[in-house]
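Welcome, and please open your viewer. Keep the selection tool at hand, and we will walk through the model one stop at a time.

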Amino acid sequence: MANKLETIDVNLHYGDFHALKGISLAIPDHSVTALIGPSGCGKSTYLRLFNRMNDLIPNTKITGQVLMDGEDIYKIKSSKIDHLRRTVGMVFQKPNPFPKSIFENVAYGLRVNGISDNSFIENQVEKTLRQAVLWEEVKDKLKKSAFELSGGQQQRLCIARALAIEPTVILMDEPASALDPISTGKIEDLIFELKNQYTIIIVTHNMQQAGRVSDYTGFFYLGNLIEFDKTKKIFTSPSKRETENYITGRFG
Amino acid sequence: MEFPESNEKRKKLGQAIMFGLSRGISYGIVALLFLILFFIVKQGIGVISWEFLTAMPTDGMTKGGIWPAIVGTVYLVLGSMLFAFPVGVMAGIYVNEYAVAGPVKRFVKMMTNNLAGVPSIIFGLFGMALFVNQMGFGASILAGSLTLGLLALPIVIRTTEEALKSVDDTFRQASYALGGSKLYTIRKVVLPIALPNILTGLILAVGRVSGETAPILFTVAAYFLPKLPSSIMDQAMALPYHLYVISTSGTQIEASRPMAYGTALVLVVIVLIVNIAAALLRNYFGKKVKMN
């Protein structure tokens, strides 16, 4: 399988803090990669490399290469960053629908990128809500506020919002950590469905979740990538002592 | 382990004293407000009539009404907000959304705070020097509105800034992640969320502006005008200044005393109505943000 994303010796500093230490990692196309590790280990920072969200934080310095389809996304013109972010969808830890209707939340990404054809938007909204397995629950109240949905529904709405502009990569930053087990299950089923079409990276604190949804797992610790391998391998016979200690709950 | 009983008693007593004191003070403040209102209503209600509200003053302002002062105050409040609201909101957007943390941002914020602390008579003098004389507007509604607008500016800037600051950053990030530009994100996501709180700033500013006397003293206020202003270049009467005039000058201060209380009552009621209207507006927008 081809590599969709790749980082080569990436270092990231926030001011004096060395958050990522020489990370080299290749992420295969159409797969789910879980990033695990204790808080502050750099996994969320690493995730945010791929849509250049770290750029928003002042005093961030990045060296090394971050490749998407072989192109270094830190060498593109700054005017192309919006374009990059269009191809990389993101789902956040806390469900954060916009204070708009359910329909307008999903349509936002289309409108922001200049699409105004209403019938196209309507089709796309329905298609994406179906993809996010939310359509049946919301089809009669598309004009209602997104805040009227439950937390789990809101998070699936946020996934639909990200899917609407047809990205190729989806970044998920602990997407289920604020949800109850049933909602979490639905999100995990959804991730499983989506990996046929997308390359997904998911940051999670939940070992079982990493084991259930991902094909590959990377273990981060103190800004280093300790180990990266097939999820099955990581959870059955990790090659590093630190990994084993972490996944068996001896620290972290 | 044995805990001494006396400690419990001391704790209880301390609580009782502290809570009693703070409760007493807060009730006292409410009572004070009602006392002021009661005093004004009691003294002023007698002269309130349809004629008082809609007629011109007559007989050396000892009789007749205060219509031109009401009209003038409404014009000045509207004019000053027309200036201060867009300018203040834009400045607030700059400070919170665009300015990079550092000495420049700190300086701008510090100066905004200092502006809020400048005595209002200084605004009056400045307005006279700049708008009335330098820019040649003369004593006019335009000059008075701009002067009052300057006075209101720091209030609008600060509340806008606070309102924007309280918008959770993940809303911005979610918009950027969909390819939204900073401007689009501010217009479509951040401002709608912040709007109800920004309107609070407008309420505060209106309340402040409608009662100010010093800034309009040299820039717009007329002692007496026989007719209503017909353009923004005309002088106008205004409630607070009218109140000042009939309370302190003229030959028949005692005769115009009831008129003064009536004027005060009208001024208080107008501020109250504006506050209530703006609060309703804020609630409406607050709901709309959630609905839309």
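The tour below goes from chain B to the interface and then to chain A.

**Before you start.** What you have on screen is a predicted model. The predictor gives the complex an ipTM of 0.88 and a pTM of 0.80. If you color chain B by confidence, its mean pLDDT is 88, with 96% of the residues at 70 or more.

**Stop 1: chain B as a whole.** Select chain B and show it as a cartoon. How many helices and strands does chain B have? There are eleven helices and two strands, and along the sequence they follow the pattern α-α-β-β-α-α-α-α-α-α-α-α-α. Chain B is more spread out than a compact globule, because its radius of gyration is 24 Å, well over the 19 Å that the globule rule gives for 292 residues. Turn the chain around: its C-alpha atoms fill a box of roughly 80 × 65 × 40 Å along the principal axes. Buried residues account for 38% of the 292 residues in chain B. Among contacts in chain B between residues at least 6 apart in sequence, 78% join residues at least 24 apart.

**Stop 2: a covered helix.** Now select residues 239-248 of chain B, which form helix H10. This helix is mostly covered, with seven of its ten residues buried. Show the side chains of B:Leu239, B:Pro240, B:Tyr241, B:His242, B:Leu243, B:Val245 and B:Ile246 to see the buried residues of H10(B).

**Stop 3: where the chains meet.** Bring chain A back into view. Here 20 residues of chain B are in contact with 22 residues of chain A. On the chain B side, select helix H7 (169-177), helix H8 (182-211) and helix H11 (253-291), each of which supplies at least two of the touching residues. Which of the elements gives the largest share of this side? That is H7(B), with six residues. By type, the chain B side divides into 13 nonpolar residues, six polar and one charged.

**Stop 4: a sheet in chain A.** Move to chain A and look for an open sheet of four strands in the order S2-S1-S4-S5, with antiparallel pairing. Strand S2 (17-28) and strand S5 (71-72) of chain A stand at the edges with a single partner strand each, so one side of each has no neighbour in the sheet. Next, select strand S1 (residues 3-14) and strand S4 (residues 60-68) of chain A, an antiparallel pair joined over eight bridges. To see one match across this pair, label A:Ile8, which stands opposite A:Gln65 in S4(A).

**Stop 5: a parallel pair.** Select residues 88-91 of chain A, strand S6. Are its faces covered or open? Both are covered: A:Val88 and A:Met90 on one side, and A:Gly89 and A:Val91 on the other, are all buried. Add strand S7 (residues 169-173) of chain A, which pairs with S6(A) in the parallel sense over four bridges. Within this pair, A:Met90 stands opposite A:Leu171 in S7(A).

**Stop 6: two loop residues.** Select A:Arg52, in the loop between helix H1 (43-47) and S4 of chain A. Its phi is near 55°, a positive value in a residue other than glycine. A:Arg52 counts as buried because it has 20 C-beta neighbours inside 10 Å. Finish at A:Glu166, in the loop between helix H6 (151-163) and S7 of chain A. A:Glu166 is not a glycine, yet has a positive phi of about 55°. With 16 other C-beta atoms within 10 Å, A:Glu166 is partly exposed.

Note on methods
Residues numbered from 1 in each chain as written. Chains lettered and ligands numbered in written order. Contact = placed C-beta atoms within 7 Å. Nonpolar A, V, L, I, M, F, W, Y, C, P; charged D, E, K, R; others polar. Pairing = 2+ DSSP bridges. Rg over C-alpha atoms; globule rule 2.2 N^0.38 Å. Buried ≥ 20, exposed ≤ 12 C-beta atoms within 10 Å, placed from the backbone. pLDDT = per-residue confidence, 0-100.
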